[in-house]
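Visitor: I have some questions about this chain, residue by residue and helix by helix. Could you take me through them?

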Amino acid sequence: MTTTTSPIPENIPEPGGPADDAPPDGAAARPVRLIHTESTTEIPVHLLFRDAPEPASVRLRPAAERARPAVPRIDPELVERPARVLPGFVGVFAGLCGAAGCAATSWWAGVLPPVAAEVLGPAAAHAGAGGLGPAQWAAYAGAGALGLFGFGGLARGRTGRAWVLGLFGRYRGTVRRTGLLWVNPLLLRRRVDVRLRHWRGEPMQAADRSGVALRVAVLVVWRVRDTARATLSVEDHESYLRACVEAALLRVPVAAPGASRGSVDSAQDALTRLVAEDTAPVGVEVFAVRPVRVEYAPEVAAAMHRRRIAALDAQHRASVLGSVVDSVEDTVTRLTMRGLVELDDYERKALVKDLTVAFCAGRGETGP
């Protein structure tokens, strides 16, 4: 349909004339006619130069909230500090002194065993004339308590192991020293492994960038950095670490099976960063979270396998077709530039067609 414009009617009033006055009551204002067509009567001028309204911004909300463990509020005063311990020989010396005190009290009270009395002879019989009295019982109690405290507080510190000490529910310090030590036997000891550890979990739920369900098994490299927080701020720091890994897998898209090295490294860095941020408040230091086994979920495995095969087949076909086109172009160009043949457009098209069929048939043959 052709559009024609008609001249402006002569009876259009000039600007500022009577026509510009306000219309009478009950009559709607009518815009000036500018363009006339064969099928339409008019196009109002105010529609030609109207500014398009800006689209209103719509706040998008996630379709599903991702699981994330709540970061606990840790007491700022709960920080690992060294406990007060003594060298081991102090405990051994105190224990020997207690044992010697018990033997001396027995000799004083005359209650030595018969063998010891025969060895000591008359001196043992003369010393035992007084018998067991309040003084002897007090000496027994003091020597026995000294011996129990001396031998009962002996402990052996090992490399990579630590003790978290507490008394009546209050944190008293951490022992990281090695060798023979003496620790107050009244303190409660909780052994903590502070070595570098590897944890490989069972396959967990995850998804790739397209939202396809995956099953991922990860290898976590971690260690306990603050024994006080790892032991006292959570019930079980290993269970908390496992929950943080599961939450990170739901928040970070994991590279699908067969993805590039860059995608795998990017997903690994994101997982490590998120898990380290979640576990830092409880004294656990995470060095790496590596997906070691990635596979599609059972419900989508067959469909994704067929899709992968189709993509590889299409990629192979495109590669073969590109090689064939390059070979045909090179052959026709050499024949023409060397003057071996003179071809018009029809002959050139026929030659290109024949060479394409021949090259495709040759590349499609399988070797023995």
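Visitor: Is H237 buried or exposed?
Guide: This is a predicted model, and H237 is found in helix 7 of it. Outside its neighbours within four places in sequence, H237 is in contact with W222, V224, A230 and V284. Its relative accessibility is 14%, and the cut-off for burial is under 20%. H237 therefore counts as buried.

Visitor: How are helix 7 and helix 8 oriented to each other?
Guide: Helix 7 covers residues 237-251 and helix 8 covers residues 261-279. Their axes come within 9 Å and cross at roughly 140 degrees. An angle over 145 degrees would count as roughly antiparallel, and 65 to 115 as roughly perpendicular. The crossing angle fits neither class, so helix 7 is oblique to helix 8.

Visitor: What is the handedness of that crossing of helix 7 and helix 8?
Guide: The angle of roughly 140 degrees does not state the handedness by itself. For helix 7 and helix 8, the crossing is right-handed.

Visitor: Which residues meet between helix 7 and helix 8, and how do they divide by class?
Guide: On the helix 7 side the residues are Y240, L241, C244, V245, A248, L249 and R251. On the helix 8 side they are L271, L274, V275, D278 and T279. The residues of this contact divide into 9 nonpolar, 1 polar and 2 charged.

Visitor: How do helix 2 and helix 5 lie relative to each other?
Guide: Helix 2 (residues 88-109) packs with helix 5 at an angle of about 160 degrees, their axes being 7 Å apart. The crossing is left-handed. Angles over 145 degrees count as roughly antiparallel. Helix 2 and helix 5 are therefore roughly antiparallel.

Visitor: How many nonpolar, polar and charged residues does the contact of helix 2 with helix 5 have?
Guide: This is the contact of the pair whose axes are 7 Å apart. By class, the contact of helix 2 with helix 5 has 13 nonpolar residues, 10 polar residues and no charged residues.

Visitor: G152 is in helix 5. How far apart in space are G152 and N184, C-alpha to C-alpha?
Guide: G152 is found in helix 5, which spans residues 134-152. At 43% relative accessibility, G152 counts as partly exposed. Leaving aside neighbours within four places in sequence, G152 is in contact with G147, P185 and R189. G152 and N184 are 32 residues apart in sequence, and their C-alpha atoms are 8.3 Å apart.

Visitor: How many residues apart in sequence are the parts that R176 and E80 tie together?
Guide: The side chains of R176 and E80 meet in a salt bridge, 2.5 Å from N to O. R176 lies in the loop between strand 4 (170-175) and strand 5 (179-182), and E80 in the loop between helix 1 (45-48) and strand 1 (86-87), so the pair ties together parts that are 96 residues apart in sequence.

Visitor: Are R176 and E80 buried or exposed?
Guide: R176 has 38% relative accessibility, and E80 has 23%. The partly exposed class lies between 20% and 50%. R176 therefore counts as partly exposed, and E80 also counts as partly exposed.

Visitor: Which strands does the salt bridge of R223 and E285 tie together?
Guide: The side chains of R223 and E285 meet at 3.2 Å, N to O. R223 is partly exposed at 34% relative accessible area, and E285 is partly exposed at 23%. R223 lies in one strand and E285 in another, so the pair ties together strand 9 (residues 213-224) and strand 10 (residues 284-296).

Visitor: How many salt bridges does a search of the whole structure find?
Guide: R195 forms one with D193, the closest N and O atoms being 2.9 Å apart. R195 is partly exposed, with a relative accessible area of 39%. The search of the whole structure finds 8 salt bridges.

Visitor: What is the phi of F168, and is F168 buried or exposed?
Guide: F168 lies in the loop between strand 3 (161-167) and strand 4. F168 is not a glycine, yet its phi is positive, at about 55 degrees. Its relative accessible area is 81%, so F168 is exposed.

Definitions and conventions: Residues numbered from 1 in each chain as written. Predicted model: local features only at pLDDT ≥ 70, side-chain atom pairs only at ≥ 80, totals over all residues. Heavy atoms only, no water. Axes fitted to C-alpha atoms, helices over the stretch in contact; angles between N-to-C directions. Helix = DSSP H or I, 4+ residues; strand = E, 2+ residues; numbered from the N terminus. Parallel < 35°, antiparallel > 145°, perpendicular 65-115°, else oblique. Left-handed = near helix turned anticlockwise from the far one by under 90°. Contact = heavy atoms within 4.5 Å. Nonpolar A, V, L, I, M, F, W, Y, C, P; charged D, E, K, R; others polar. Buried < 20%, exposed > 50% of the residue type's maximum accessible area, 1.4 Å probe, protein only. Salt bridge = Lys/Arg side-chain N within 4 Å of Asp/Glu carboxyl O.
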